[in-house]
Amino acid sequence: VQLQASGGGLVQAGESLRLSCETSGIDFVAHAFAWYRQAPGNQRELVAAITRGGNANYGDSVKGRFTISRDNAKNTVYLQMNSLKPEDTAVYLCNADQFGFSYWGQGTLVTVSS
């Protein structure tokens, strides 16, 4: 099983990034997915989640700015991040979940400068 997160980088405040989580080795359509983030010294935080049926929910700090989506044909989950803020700086991790059994990717670093 592999969850390969990519798309992170260094951007200025107000700019956008799109993260991707390419998966292999799992039944993609049978899993729900989520993006979490963890900044140094902070607890891991749920950013966004999407169900098998495509219903999404978001952490309060990113509502209206971030959008999670899934492409079942490409076995890939995306996180479109707009209007980035310095407080969005963190390692972003992809999670796949099926009935409480989870897989984690290695994360991609997002750094937002002011």
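These legends describe several close-up views of one predicted model.

Residues are numbered from 1 along each chain as its sequence is written. In this predicted model, local features need pLDDT of at least 70, side-chain atom pairs count only at pLDDT 80 or more, and totals for chains, interfaces and linings use all residues, while side-chain values use heavy atoms, with hydrogens and water left out.

**Figure 1. The whole chain holds eleven strands and zero helices.**
Helices (H or I, at least four residues) and strands (E, at least two) are DSSP runs, numbered from the N terminus. Along the sequence, the pattern reads β-β-β-β-β-β-β-β-β-β-β. The C-alpha atoms fill a box of roughly 40 × 25 × 25 Å, taken along the principal axes. The radius of gyration is 13 Å, which agrees with the value near 13 Å for a compact globule of 114 residues. That radius is taken over C-alpha atoms, and the globule rule is 2.2 Å times the number of residues to the power 0.38. Of the 114 residues, 39% count as buried. Buried means under 20% relative accessible area, exposed means over 50%, and partly exposed lies in between (1.4 Å probe, protein chains only). Among contacts with a separation of 6 or more, 52% come from residues 24 or more positions apart. Contact means heavy atoms within 4.5 Å.

**Figure 2. The largest nonpolar core has 27 residues.**
A nonpolar core is a set of buried Ala, Val, Leu, Ile, Met, Phe, Trp, Tyr and Cys residues joined through side-chain atoms within 4.5 Å. W35, V47, F66, L79, M81 and Y92 have the most contacts inside this core. The elements that give two or more residues to this core are β1 (2-6), β3 (17-24), β4 (32-38), β5 (45-50), β7 (66-71), β8 (76-81), β9 (90-98) and β11 (108-113). The largest share, four residues, comes from β9. Look next at F66. Not counting residues up to four places away in sequence, F66 touches R37, V47, Y58, L79, Q80, M81, N82, L84, D88 and Y92.

**Figure 3. Strand β8 is largely enclosed by the rest of the structure, because five of its six residues are buried.**
Two strands pair if DSSP finds at least two bridges between them. β3 and β8 pair in the antiparallel sense over six bridges. Here R18 has Q80 of β8 as its bridge partner. Six bridges also join β7 to β8, again antiparallel. In that pairing, D71 is matched with T76 of β8.

**Figure 4. A hairpin links β7 and β8, with four residues between the strands.**
N75 takes a positive phi near 55° in this hairpin. K74 lies in the loop between β7 and β8. K74 is exposed, with a relative accessible area of 57%. K74 and E22 are 52 residues apart in sequence. Their C-alpha atoms are 7.8 Å apart in space.

**Figure 5. Strand β11 pairs with β2 and is joined to β9.**
The β2 pairing is parallel and has four bridges. The β9 pairing is antiparallel and has three bridges. V110 of β11 stands opposite G9. V110 also stands opposite A90. T108, V110 and V112 form the covered face of β11. L109, T111 and S113 form its uncovered face.

**Figure 6. G9 sits in strand β2 (residues 9-12).**
G9 is partly exposed, at 23% relative accessibility. Leaving aside neighbours within four places in sequence, G9 is in contact with L17, L109, V110 and T111. G9 and F101 are 92 residues apart in sequence and 30 Å apart in space, C-alpha to C-alpha.

**Figure 7. F101 and Y103 form an aromatic pair.**
The structure holds three aromatic pairs. The F101 and Y103 rings meet edge-to-face, 5.4 Å centre to centre and with 80° between the planes. Rings of Phe, Tyr and Trp (its six-membered ring) pair if their centres lie within 6.5 Å; planes under 30 degrees apart count as stacked, over 60 as edge-to-face and the rest as tilted. F101 is exposed, with a relative accessible area of 52%. Y103 is partly exposed, at 26%.

**Figure 8. The charged end of R44 sits over the ring of W104.**
The charged end lies 4.6 Å from the ring centre. A charge sits over a ring if NZ of Lys or CZ of Arg is within 6 Å of the ring centre and within 35 degrees of the ring normal.
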